[in-house]
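User: I would like a close look at a single part of this protein, the sheet and what packs against it. Please take me through it step by step in one connected account.

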Amino acid sequence: MEEPRTAPPRSHVVMLETIRPQQCDESGNLIFGELLRWADLATCASAEAHTRSNCVTGEVTDLVLEEGVIPRSGDTVELTAQPVLVGNTSLVVELHVRIEKSQGDASMKR
């Protein structure tokens, strides 16, 4: 069995999104499907940068949300994706999401 390889730096993708009102519910909270869409875009971009070919998402595992973390309209979402395990026909891409609140100087990692 071949040893897993680590990904080169070109596969590291950082994506920034500002939450717009049309991406939120009536209370101004981000609709969860938007976050999942951005996550899919970031991880796919990372996979495609690594493989230099078209890729698709096969599955999502280990999704962890912190209790009480609610991204709202005007907040900035930073998504960072990078392959962490690379095989011959598939790869695992790790994704970290950070929310920067639009009000005040405090930055919250989520």
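How many bridges join β1 to strand β2, and which way do the two strands run relative to each other?

Analyst: In this predicted model, β1 and β2, the latter made of residues 76-86, are joined by 6 bridges and run antiparallel. One position where the two strands face each other is Val-14, which stands opposite Thr-80 in β2.

This pairing belongs to an open sheet of 3 strands in the order β1-β2-β3, with antiparallel pairing. The edges of the sheet are formed by β1, residues 13-18, and β3, residues 91-100, each of which pairs on one side only. With direction ignored, neighbouring strands of this sheet are turned against each other by 20° on average. In general, strands of a sheet pair through backbone hydrogen bonds, in either a parallel or an antiparallel manner.

The wider setting is brief to describe, since the protein has 1 helix and 3 strands, and they follow the pattern β-α-β-β when read along the sequence. The helix, α1, spans residues 32-51 and lies across β1, β2 and β3, running at about 40° to β2.

The packing can be followed through the largest nonpolar core, which has 13 residues, and among them Ile-19, Leu-35, Trp-38, Val-77, Leu-79 and Val-97 touch the most other members. The elements that give two or more residues to this core are α1, β2 and β3, and α1 gives the most, with 4 residues. As a general tendency, nonpolar side chains in soluble globular proteins are buried together. Over the whole protein of 110 residues, 28% count as buried.

Val-77 is a useful residue to examine in detail. Leaving aside residues up to four places away in sequence, Val-77 touches Met-15, Leu-16, Glu-17, Ile-19, Leu-35, Trp-38, Val-97, Arg-98 and Ile-99. Several of these partners, including Ile-19, Leu-35, Trp-38 and Val-97, are also listed with Val-77 among the core residues that touch the most other members. On the scale of the whole protein, of the contacts between residues at least 6 apart in sequence, 65% join residues at least 24 apart.

The loops on either side of α1 complete the account. In the loop between β1 and α1 is Ser-27, which counts as partly exposed because its relative accessible area is 47%. The C-alpha atoms of Ser-27 and Ser-73 are separated by 9.3 Å, although these residues are 46 apart along the chain.

The loop between α1 and β2 holds Arg-52, and Asp-62 has its place in that loop as well. Arg-52 has a phi near 55°, a positive value in a residue other than glycine, and Asp-62 likewise has a positive phi of about 55° although it is not a glycine. Most residues other than glycine have a negative phi. Arg-52 counts as exposed because its relative accessibility is 65%, and Asp-62 is exposed as well, with a relative accessible area of 74%.

Finally, α1 and β3 also take part in the lining of the largest pocket, as the elements that give two or more residues to it. About 1,400 Å³ of space lies in this pocket, and of the 39 residues that line it, Thr-43, Val-60, Thr-61, Leu-63 and Leu-95 are the closest to its centre. The element that gives the most to this lining is α1, with 9 residues, just as α1 gives the most to the largest nonpolar core.

Notes
Residues numbered from 1 in each chain as written. Predicted model: local features only at pLDDT ≥ 70, side-chain atom pairs only at ≥ 80, totals over all residues. Heavy atoms only, no water. Pairing = 2+ DSSP bridges. Axes fitted to C-alpha atoms, helices over the stretch in contact; angles between N-to-C directions. Contact = heavy atoms within 4.5 Å. Core = buried A, V, L, I, M, F, W, Y, C linked by side-chain atoms within 4.5 Å. Buried < 20%, exposed > 50% of the residue type's maximum accessible area, 1.4 Å probe, protein only. 1 Å grid on protein atoms, 1.4 Å probe; cavity = no way out; pocket = protein on both sides within 12 Å on 5 of 7 lines; lining within 4 Å. Points joined across faces, edges and corners; volume = space filled by probe spheres on them.
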